[in-house]
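Subject: Structure handover

Hello,

Here is the structure you are taking over. My notes on it follow below.

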Amino acid sequence: MRIGRATVLELRNSAGSRARRWLLIAAGVGGLLSAGIVAFTGPAQDHTFAVISFYTQIAISLPLPFVSVLLMTEEFGRRASSAGFGLRMSLGAIIAAKLLASAIIAVAGAGYGVLISLLATSAAAPAADEG
C-alpha cells in the first residue's frame, strides 16, 4: 500500500467514528456561528475581515486538533493487534500517512475559515455602510 492511498484511508477514517464526526461538525458550525455573530453584531468598525477571520479561526481551531489526536492514537489501539495491516506497511509509513491526513484536515479547516470569513465580511459590508 502506498502512502497516498494510506493518507486517503486515514482521511476517510477521520470521520469514521461518532466522536470525530461530531468534532468536525462542531468545528464547522462553530466557525459559521462565530462569523455570523461577529459580522452582524457589535460596532461597525469590527466588521472587517481581520476581526471576523480572527474569531472564526479560533472557533474552528479548537475542536480540530482533537480529531488529529484521535486519529493518531487509533493506531496504538485496534490496529496494533492486527497482524494483517502491519505486514502491508511499516509503522513509520502509517504514522506519516496519519500526519499527512492531519495536515490536510488543518489546511481544509483554515480554508473553510477564510471562506466563511470572506462571505461574512461581504454580507456585513452593506450593513456597516448603512449604520
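A term first: a residue counts as buried under 20% relative accessible area, as exposed over 50%, and as partly exposed in between. Please keep in mind that this is a predicted model.

By that rule Phe-54 is partly exposed, because its relative accessible area is 47%. Tyr-55 has a relative accessibility of 42%, so Tyr-55 is partly exposed too. The count of aromatic pairs comes to one. Phe-54 and Tyr-55 form that pair, in an edge-to-face arrangement with 5.1 Å from centre to centre and 80° between the planes.

Now the overall layout. The protein has six helices and zero strands, so the order of elements from the N terminus reads α-α-α-α-α-α. Of its 131 residues, 33% are buried. Among contacts with a separation of 6 or more, 77% are between residues 24 or more positions apart. The accessible surface is about 7600 Å², and carbon and sulfur atoms account for 72% of that surface.

Next, the nonpolar cores. In soluble globular proteins, nonpolar side chains tend to be buried together. Which residues make up the largest nonpolar core here? There are seven: Ala-35, Val-38, Ala-39, Ile-52, Ile-116, Ala-120 and Ala-124. Helices α2 (18–40) and α6 (91–130) each supply at least two residues of this core. A second core, separate from that one, has six residues, including Leu-23, Ala-27, Leu-64 and Ile-105. As for Ala-124, its contacts beyond the neighbours within four places in sequence are Ala-39, Phe-40 and His-47.

Leu-64, listed above in the second core, also belongs to helix α4. In α4 (residues 64–73), the residues Leu-64, Val-67, Ser-68 and Leu-71 are buried. Viewed down the axis of α4, the buried residues fall within an arc of 95°, so they line one face of the helix. The general background is that an α-helix has 3.6 residues a turn, so residues three or four places apart point the same way.

Last, a charged-residue name to look up in helix α1 (residues 3–13): Glu-10. Is Glu-10 buried or exposed? Glu-10 is buried, because its relative accessible area is 2%, and the cut-off is under 20%. The side chain of Glu-10 makes a polar contact of 3.0 Å with the side chain of Lys-98.

Regards

Methods
Residues numbered from 1 in each chain as written. Predicted model: local features only at pLDDT ≥ 70, side-chain atom pairs only at ≥ 80, totals over all residues. Heavy atoms only, no water. Helix = DSSP H or I, 4+ residues; strand = E, 2+ residues; numbered from the N terminus. Buried < 20%, exposed > 50% of the residue type's maximum accessible area, 1.4 Å probe, protein only. Polar contact = N/O pair within 3.5 Å; in protein donor to acceptor, adjacent residues only side chain to side chain. Arc of directions from axis to C-beta. Contact = heavy atoms within 4.5 Å. Areas by Shrake-Rupley, 256 points an atom, 1.4 Å probe, with all protein chains shown as cover. Phe/Tyr/Trp six-rings, centres within 6.5 Å; stacked < 30°, edge-to-face > 60°. Core = buried A, V, L, I, M, F, W, Y, C linked by side-chain atoms within 4.5 Å.
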